[in-house]
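Here is a short tour of one protein model. Take a look at the structure first, and then we'll walk through a few of its corners together.

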Amino acid sequence: MAELRTIQDWYVRYQLSKAHGVAEVASMGGFVQTYQVTVDPVKLRAYGIPLMKLAQVIRHSNRDVGGRDVEMAETEYMVRGRGYLRGRSDIETLVVKSERGTPVLIRDIARVELAPDERRGLTELNGEGEVVSGIAMARHGQNALEVIHNLKTRIGEIAPGLPAGVTVETAHDRSELIDRASEALKRTLVEESLIVALVCVVFLLHLRSALVAILMLPVGILIAFIAMRALGMNSNLMSLGGIAIAIGAMIDAAIVMIENAHKHLERLPAEHSPAERDSAILAACREVGPALFFSLLIITVSFLPVFALQGQEGRLFSPLAYTKTFAMAGAVILPVTLVPVLMLLFIRGTIMPEARSPVNRFLIRVYRPLIAAVMRWKKRTIVLAVLAIGATVYPASRLGSEFMPTLNEGSLLYMPTSLPGMSITKAAELMQTQNRIIMSFPEVASVWGKAGRANTATDPAPTEMFETVINLKPESEWRPGLNIDRLIGELDQALQIPGVANSWTMPIKARIDMLSTGIRTPIGIKVFGRELGAMEELAKEVEPVVRTVPGTSSAFAERITGGFYLDIEPDRERLARYGLAVGDLQDVIGAALGGEIVTTTVEGRERFGVTVRYPRELRGDPQQIAHEVLVPTMGGAMIPLGQVARVVISKGAPVVRTENALLSACIYVDIRDRDIGRYVADAKRAVAERISFPPGCYVTWSGQFEYMQPAIERMKIVIPVTLLSIFLLLYLNFRRIGETLIVMLSVPLALVGGIWLIWLLDYNLSVAVAVGFIALAGVAAETGVVMLIHLDHAWQAIRQECRAAGRAATADDLYRAVMEGAVERVRPKMMTVVAIMAGLLPIMWGTGTGPEVMRRIAAPMVGGMISSTILTLAVIPALYALVQQWSLRREAAAMAASTASTASTASTAEARARAG
């Protein structure tokens, strides 16, 4: 193990650090080789050599010097004084003292041997024994996949230089997760594109026309990729996810324009000229183009508040927000630029009349009785919609809450914690036992365990803190009916070891949580105070209370005073009597007991520390230390350490943690089968009712809950801003408050289905779900706009007919307009809805790595589109009819008043004429 650690430290580590993007390669495990000079205190006393003299000789005898240069035979020679220590023999022959020409060498008073340095960490693989490991850390902002590729390339390059039988094996590789997530989402994008293309072909039954809409997909995606490239964004789960949730909405405008062009072309004579065809197509584009531009702009702008998210959720969702905005921005521009041109080029040949389309006839057959009933009972329809919104209160009240759904990384991180003070030997034994148990599960591919800290400043873990990465096999190779939650439950039951508190998470998630909050479990309770003893007692009281809360898997309070210490307290009066300073005593303690490194040997490229220390048998317990460790006096005598100091065993803090200028301690809580929001509410209530806080102490709740609270507060601002932006854009489009309010009703109607589906799928409210609802608001408004476009066009056309006939429009005319605008134009509305939903369904049924977050975004949109479609097809026509009836009554009243006023004026004029 010492040889392997030497290869890791002086060969592998430096070679891998050269890989582009690598910040550090931290070594861990094995034995760090040192030269230990084990002194014989009896011989030191016999020769009268103080311990610090020995250390000074070794330190001063290990250096090279330069002597400038010497010129000989017209050649310059550099002068070097070679004095570096290069091995054990060099150390043994150093002279410590000379009396009457007889040297006293180090080998005469000490034993020089190769020995391992003190270990504060170890690693184990597959329950088969200890291994030497290296942890490669990427630089901030680097592409993780590229860094891992560079590391693998370097490993392949240096492999021939390794000694025979030594290999470098990968224990945990994030690139597999990245590749699986990217491939799964790319597959979803292809499925979405194919399904949306099929929807266009089925509804239009004209391949050339469908091709116009289908071409919008690659062009819109290309626009998003170009913008990503310009901003230096990577292709990852969230950035590709933004494109995935936008695919259905990207072709909505093209669908409506194409369908409207078909309607105009149907009205042309059978023998029409190409100019008439082009004129009809352009007229169709002008008719719906402005409203469609605004509807797509609403979808785009409605998502902009996602950029207001901050912290962890902001960093996570900003790539998704960017790519969705880029894709929808392209979808806004293309319908008013490229789509009309493509329509002129492709829409040729025979167009099947809408009345002959089997899809359209089926839709009209189903929809006509519904809209007829709606027009008969308009107010009842609106009351039913309000009742549907009110009924949504029940599932909404049953929803749990969490910060973010857990991403299945394909690996688990087992992080048990034990009481402080565990020896490195016991830690190795316990870890190997745990790893053997884990490897007995057929779903486990490999297990890499770590106890303590790695050789880096970024890892201050104590010995009793374990981190075990469990690499799992593909789920297709698991036992039937087993999922990740059940597997964790079985592992947890198998690893119930006395004195060990289990905690389960995912490797990447754990790193993010620990860097952001310092808590490695989903929930942490931080105890603050001024006195460690009172804080520990409070933490011990909270721990059993939290265990009783339903859903608690484990709860473990840090033992902040559980460290064991052997204190050497100087007696200052006795030190003064011997003429010693406290520093003289501390030097002896540091060298004799601590084995401080006094110098470093230079052996080629390798460097090894040299320590001076007492033998283990003379420093094994307080009595031996007090009697055997010698302290030199100013007079040359050597006295036992116990004569000038007191050696006692005590307990204290194994680690001191501070936050906000107060001491702090943590209680780690792992939960299962409960959402974080409700669990924390129950746990807070239980702690408040059963715990009495001493003066100066209080607790705060941390972990994922700490991020969830500000995210909720931010959403309370972001969502109203989204609705306000939608309202303003709608008003700019319609220029009338009535139509704007009608379309805005689509939003609460869409929320109905979104909330019900979230509840049926047993999803918790999270930032991902909130982002899905934000996206739903824009899409729902767009479907409302499409409905209102056709209703308004039909009504305006009939009013023009009435004016041409010289009569006022009546309620019967309004009924005819609604039937025509709703029923006869049901195909474009259903096409837009089906295209959006079809684009989201592959996300809902997607498998592999990464769908957990994307499903939470897509689910509100799928459920919302179902309710929005059902209710919008019925409620918006009813509302529109009521508003227009009210407008007709106002016009009739105004006309009657105007007629009466005209008649009164005429009567007055006639009376005056008679009087005259």
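## A hairpin to start with

Before we look at who faces whom, one term: two strands count as paired if DSSP finds at least two bridges between them. Keep in mind, too, that this is a predicted model.

Now for the pair itself. Strand β5 (residues 95-99) and strand β6 (residues 102-105) run antiparallel and are joined over four bridges. Looking across from β5, you'll find Ser98 opposite Pro103 in β6. The two strands make a hairpin with two residues between them. One residue of that turn, Arg100, has a positive phi of about 55°.

## Two patches on the surface

Let's move on to β3 and β4. Which residues gather in a patch of negative charge on the surface? They are Asp69, Glu71, Glu74 and Glu76. Glu76 sits in strand β4 (residues 75-81). Is Glu76 buried or exposed? With a relative accessible area of 52%, Glu76 is exposed, because the cut-off for that label is over 50%.

There is a nonpolar patch on the surface as well, made of Val70, Met72, Tyr77 and Val79. Together these four have about 320 Å² of accessible area. The elements giving two or more residues to the nonpolar patch are β3 and β4. Val79 belongs to strand β4, and its relative accessibility of 32% makes it partly exposed. That label fits because partly exposed covers the range between under 20% (buried) and over 50% (exposed).

## Two loop residues with positive phi

Where does Ala73 lie? You'll find Ala73 in the loop between β3 (65-72) and β4. Its phi is near 50°, which is a positive value in a residue other than glycine. Ala73 is also exposed, at 75% relative accessible area.

Much further along the chain numbering, Asp762 is another case to check. Its phi is near 60°, again positive in a residue other than glycine. Asp762 lies in the loop between α28 (746-760) and α29 (767-804), and its relative accessible area of 66% makes it exposed.

## A strand with both faces covered

Next, find strand β17 (residues 523-529). Why is β17 described as largely enclosed by the rest of the structure? Seven of its seven residues are buried, so that description follows.

It helps to know that in a regular strand the side chains alternate between the two faces of the sheet. In β17, one side carries Ile523, Ile525, Val527 and Gly529, while Gly524, Lys526 and Phe528 are on the other. Residues on both sides are buried, so both faces count as covered.

What does β17 pair with? Strand β26 (residues 662-671) is one partner, antiparallel over seven bridges. Strand β27 (residues 698-703) also runs antiparallel to β17, with six bridges joining them. Val527 is a handy residue to follow here: it stands opposite Ala665 in β26, and its bridge partner in β27 is Val699.

## A helix tucked away

Finish with helix α9 (residues 237-244). Eight of its eight residues are buried, so α9 is largely enclosed by the rest of the structure. Those buried residues are Leu237, Met238, Ser239, Leu240, Gly241, Gly242, Ile243 and Ala244.

Terms used. Residues numbered from 1 in each chain as written. Predicted model: local features only at pLDDT ≥ 70, side-chain atom pairs only at ≥ 80, totals over all residues. Heavy atoms only, no water. Patch = residues over 30% accessible without salt bridge, like charges linked within 9 Å, V, L, I, M, F, W, Y side chains within 5 Å. Areas by Shrake-Rupley, 256 points an atom, 1.4 Å probe, with all protein chains shown as cover. Salt bridge = Lys/Arg side-chain N within 4 Å of Asp/Glu carboxyl O. Lys, Arg positive; Asp, Glu negative; His and termini not counted. Charge placed at Lys NZ, Arg CZ, Asp CG, Glu CD. Buried < 20%, exposed > 50% of the residue type's maximum accessible area, 1.4 Å probe, protein only.
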